[in-house]
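Work through the exercises below with the structure open. Each task is followed by a stepwise solution.

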Amino acid sequence: MDKLIINGGKPLFGSIEINGAKNAAVAILPAAILASKGNCIIDNIPNIEDVHCIERILKSLGCSIKTNKNCATIDSTTITSLSANTDDVRKMRASYYLIGALLGRFKKAKVELPGGCPIGVRPIDQHIKGFEALGAKVKIMHGSVLVEADELIGTNIFFDVVSVGATINVMLAATLAKGVTTLENVAKEPHVVDVANFLNSMGANIKGAGTDVIRIVGVENLTGCSYSVIPDQIEAGTYMIASAACGGEVTIQNVIPKHLESISAKLVEMGSEIIEDGDSLTVKSNGRLKGVNIKTQPYPGFPTDVQQPMSTLLTVAKGRSIINESIWESRFKHVDELKKMGANIKVEGRTAIIDGVDKLTGAVVKATDLRAGAAMVIAGLIAEGTTEVLSIEHIDRGYPNIEDKFKAVGADIVRVYE
Ligand code: EPZ
């Protein structure tokens, strides 16, 4: 398995380009299934393992996919199978979007239950509630979700919890339903809006994405379109936090600063300077930052997906910081790894209490999941001495060329292929 070797303690200067959003791309690619005519040409797709995984799954269903750099052309008129049951399906979370997309277009699907990062219980009851409300029969048998409907009919659905996945999945199924579907208490994340924009480019009639209520007027069919995925809010947030942690001055390019407001606000509260300029922002930090309290929340609150990188920064901030992880109950698995480097953290249930130390020291640590991996890379960048980050296949699922991006701003980081 590959590993990253980092010699820490170097300030970062220069600029980092952000790629397309993982959590938008892994929904938009399966959403292309809904096009019964024409090709979907999707640009700004990040070169990451989760995207490769979804592309392989789509091919296994019979879609034709041509990729050129960050652009994929998908022809889903050639689909021959409504059953997704490969290792890739079991391995990743976003494979659940195949259910909504296949149900929407073909009124039938069989998809193995999804995998994903081990960050807590990850139920799909709200997805199922939505499909059933639209008129589908849903069964879980032999590890697969089976959905089938004679027809899908628009209705009102009030979600019991705010869920990104359920919002997108039910939206996919409802675009071709008869009549009007109203989804209430929905997720407002930028990637929910991006998927709605993509579907509208294909001819759907969706309004309200980005607010609490999404209204979908069903249409007869959808056709291919050209679309460009939004920049990755979480990748950007990770590099912002790394820049603040290492000190120096880094411009994060190709971002939508509005999507990053909760992260910018926290970094400013800690003592960093953030300068927004069109589609880039610059993070300036000099000296030790001060500890803050964080509660993860659905958008526009502080994102759970940068909680782990942020916790690394807090290990060396002045004073005590308290993190309350309100979305995923097991998203503190990286804490034991940080402790190996000298961090002073106590976890009680969904709360982590961090007392800032003067410095971290290099150690051999592992990426326990995707964002934990990013947290350990940041820990290596700020630590005294050498850090080896193992199990980096988790990082490759969501961060394109992480070592190259850090190297370009002055970090001493190399990938060792084993
Ligand atoms: C998406 O997961 C993201 N994954 C996650 O990013 C992210 O952490 C999460 O949204 C929250 O922002 C993808 O987009 C592929 P949820 P998802 O449904 O959709 C509960 C990363 O690091 N819930 O919004 O699976 C659930 O238990 C990954 O990139 C139900 O109770 O998350 C959780 O507490 C990790 N029933 C909360 O809702 C359901 O049917 C939010 O989950 C669905 C969810």
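For the counts that follow, Ala, Val, Leu, Ile, Met, Phe, Trp, Tyr, Cys and Pro are nonpolar, Asp, Glu, Lys and Arg are charged, and the others, Gly among them, are polar. The model is predicted.

**Exercise 1. The largest cavity**

Task: Find which residues line the largest cavity, and sort them by class.

Solution.
Step 1. Count the cavities. There are three of 30 Å³ or more.
Step 2. Take the largest cavity. About 70 Å³ of space lies inside.
Step 3. List the lining. Ala21, Lys22 and Asn23 belong to it, as do Pro190 and His191. The run Ile230, Pro231, Asp232, Gln233 and Ile234 contributes too, and Arg371 completes the list.
Step 4. Apply the classes. Five lining residues are nonpolar, three are polar and three are charged.
Step 5. Assign helices. At least two lining residues come from each of H1 (22-31), H7 (190-201) and H8 (233-246).

**Exercise 2. The largest pocket**

Task: Describe the largest pocket by volume, lining and contributing elements.

Solution.
Step 1. Start with volume. The largest pocket holds about 1000 Å³.
Step 2. Go to its centre. The lining has 45 residues, and Arg122, Val164, Gly165, Ile327 and Trp328 are the closest to the centre.
Step 3. Name the elements. H1, H5 (125-133), H6 (164-174), H8 and H12 (370-382) each give two or more residues to this lining.
Step 4. Sort the lining. It splits into 22 nonpolar, 12 polar and 11 charged residues.

**Exercise 3. The second largest pocket**

Task: Which element gives the largest share of the lining of the second largest pocket?

Solution.
Step 1. Note the volume. The second largest pocket has about 280 Å³ of space.
Step 2. Find the residues at its centre. Of 18 lining residues, Ala245, Cys246, Gly247, Val316 and Ile382 are the closest to the centre.
Step 3. Look for elements with at least two lining residues. H8 and H12 each qualify.
Step 4. Pick the largest share. H8 supplies it, with three residues.
Step 5. Add the classes. Here 11 residues are nonpolar, three are polar and four are charged.

**Exercise 4. Around the ligand**

Task: Identify the closest residues to the ligand, then give the polar distances for serine 163, valine 164 and aspartate 305.

Solution.
Step 1. Count the surroundings. The ligand has 23 residues around it. Tyr96, Ser163, Val164, Asp305 and Arg371 are the closest.
Step 2. Take serine 163. An N or O atom of its side chain is 2.6 Å from a ligand oxygen.
Step 3. Take valine 164. Here a polar backbone atom is 2.7 Å from an oxygen of the ligand.
Step 4. Take aspartate 305. A polar atom of its side chain lies 2.6 Å from a ligand oxygen.
Step 5. Link back to the voids. Val164 is also among the residues closest to the centre of the largest pocket, and Arg371 also lines the largest cavity.

**Exercise 5. Strand order and edges**

Task: Why do E20 and E22 each have one side without a neighbour in the sheet?

Solution.
Step 1. Write the order. Four strands form an open sheet, E20-E21-E23-E22, with mixed pairing.
Step 2. Find the edges. E20 (294-295) and E22 (344-348) stand there with a single partner strand each, so one side of each lacks a neighbour in the sheet.
Step 3. Check the pair E21 and E23. E21 (residues 320-324) runs antiparallel to E23 (residues 351-355), over five bridges.
Step 4. Fix the register. Serine 321 faces isoleucine 354 of E23.

**Exercise 6. Two partners for E1**

Task: Which residues stand opposite isoleucine 6 in E26 and in E25?

Solution.
Step 1. Pair E1 with E26. Residues 3-7 and residues 412-416 are antiparallel, with five bridges. Isoleucine 413 is opposite isoleucine 6.
Step 2. Pair E1 with E25. This pairing, to residues 386-390, is antiparallel over four bridges. Threonine 387 is the bridge partner of isoleucine 6 in E25.

**Exercise 7. Backbone in two loops**

Task: Place proline 300 and asparagine 44, and describe the backbone there.

Solution.
Step 1. Locate proline 300. It sits in the loop between E20 and H10 (307-315). The peptide bond from tyrosine 299 to proline 300 is cis, with omega near 10°.
Step 2. Locate asparagine 44. Its loop joins E4 (40-43) and H2 (49-61). Asparagine 44 is not a glycine, yet its phi is positive, about 60°.

Note on methods
Residues numbered from 1 in each chain as written. Predicted model: local features only at pLDDT ≥ 70, side-chain atom pairs only at ≥ 80, totals over all residues. Heavy atoms only, no water. Pairing = 2+ DSSP bridges. 1 Å grid on protein atoms, 1.4 Å probe; cavity = no way out; pocket = protein on both sides within 12 Å on 5 of 7 lines; lining within 4 Å. Points joined across faces, edges and corners; volume = space filled by probe spheres on them. Near = heavy atom within 4 Å. Polar contact = N/O pair within 3.5 Å; in protein donor to acceptor, adjacent residues only side chain to side chain.
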